[in-house]
Amino acid sequence: MSNGAKRFLKLFAKNIKVAMGPGHYHVNGINITCVHCQNDKFEHGKAQLNTAMLSFLNLDFANRSANILTCDRCGFVHWFNKGVNRV
């Protein structure tokens with residue numbers, strides 16, 4: 001493998017690692033900072049919002065989901081009903 005190809009693969013792997021790790025986010029054009037420690041790097045995830053009726057009917061999959069951002073520094077979880085965008 002040539003040096004150029006090796007450099008490309010190394011850079012590509014580094015960018016994938018950065019893209020998959022903690023990052024900066026905004027919601028409706030507002031940059032998100034942790035309300036607890038003022039950090040600005042978060043891990044993104046989703047959480048299901050269960051309701052009693054759909055759980056009773058064993059239809060939990062039909063419930064809505066919320067976006068969650070977990071602070072990379074202190075672990076505080078921020079919940080969002082709207083979409084979050086990585087900056």
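Is Leu49 buried, exposed or partly exposed? Select Leu49 and show its surface: the residue is partly exposed, because its relative accessible area is 33%, and that class lies between buried (under 20%) and exposed (over 50%), using a 1.4 Å probe and protein chains only.

Before going on, some ground rules. This is a predicted model, in which local features need pLDDT of at least 70 and side-chain atom pairs count only at pLDDT 80 or more, while totals for chains, interfaces and linings use all residues. Residues are numbered from 1 along each chain as its sequence is written, and side-chain values use heavy atoms, with hydrogens and water left out.

**Zoom out: the whole chain**

Switch to cartoon and you should find two helices and six strands. Both kinds of element are DSSP runs numbered from the N terminus: helices are H or I with at least four residues, strands are E with at least two. Walking along the sequence gives α-β-β-β-α-β-β-β. Of the 87 residues, 23% count as buried. The chain exposes about 6600 Å², with carbon and sulfur atoms supplying 59% of it; areas here come from the Shrake-Rupley method with a 1.4 Å probe, and for residues only the protein chains shown count as cover.

**Back to Leu49**

Leu49 sits in the loop between strand 3 (42–48) and helix 2 (52–56). Leaving aside neighbours within four places in sequence, pick out what Leu49 contacts: Asn63, Arg64, Ser65, Ala66 and Trp79. Contact means heavy atoms within 4.5 Å. Now draw a distance to Phe61, 12 residues apart in sequence from Leu49: C-alpha to C-alpha, you get 9.8 Å.

**Next stop: Phe61 and its patch**

Phe61 is in the loop between helix 2 and strand 4 (65–71). Phe61 counts as exposed because its relative accessible area is 66%. Add Met53, Phe56, Leu57 and Leu59 to the selection and, with Phe61, you have a nonpolar surface patch with about 600 Å² of accessible area together. (Patch members have over 30% relative accessible area and no salt bridge; like charges are joined within 9 Å, nonpolar side chains, meaning Val, Leu, Ile, Met, Phe, Trp and Tyr, within 5 Å. A salt bridge is a side-chain nitrogen of Lys or Arg within 4 Å of a carboxyl oxygen of Asp or Glu.)

**Then the sheet**

Colour strands 1, 2 and 6: they form an open sheet in the order 2-1-6, with antiparallel pairing. Strand 2 (30–31) and strand 6 (85–86) are the edge strands, each pairing on one side only. Strand 1 (residues 25–27) and strand 6 pair over two bridges, and two strands count as paired if DSSP finds at least two bridges between them. For a bridge to look at, select His26, whose partner in strand 6 is Asn85.

**Last stop: the cysteines**

Show Cys74, in the loop between strand 4 and strand 5 (77–80). Outside its neighbours within four places in sequence, Cys74 contacts Cys34, His36 and Cys37. The C-alpha atoms of Cys74 and His36 are 7.8 Å apart, although 38 residues separate them along the chain.

Why are Cys37 and Cys71 not bonded to each other? The sulfur of Cys37 has its closest cysteine sulfur in Cys71 at 3.6 Å, so the pair is too far apart for a bond. A disulfide needs cysteine sulfur atoms within 2.5 Å, and a search of the whole structure finds zero. Cys37 counts as buried at 18% relative accessibility, and Cys71 is buried at 5%.
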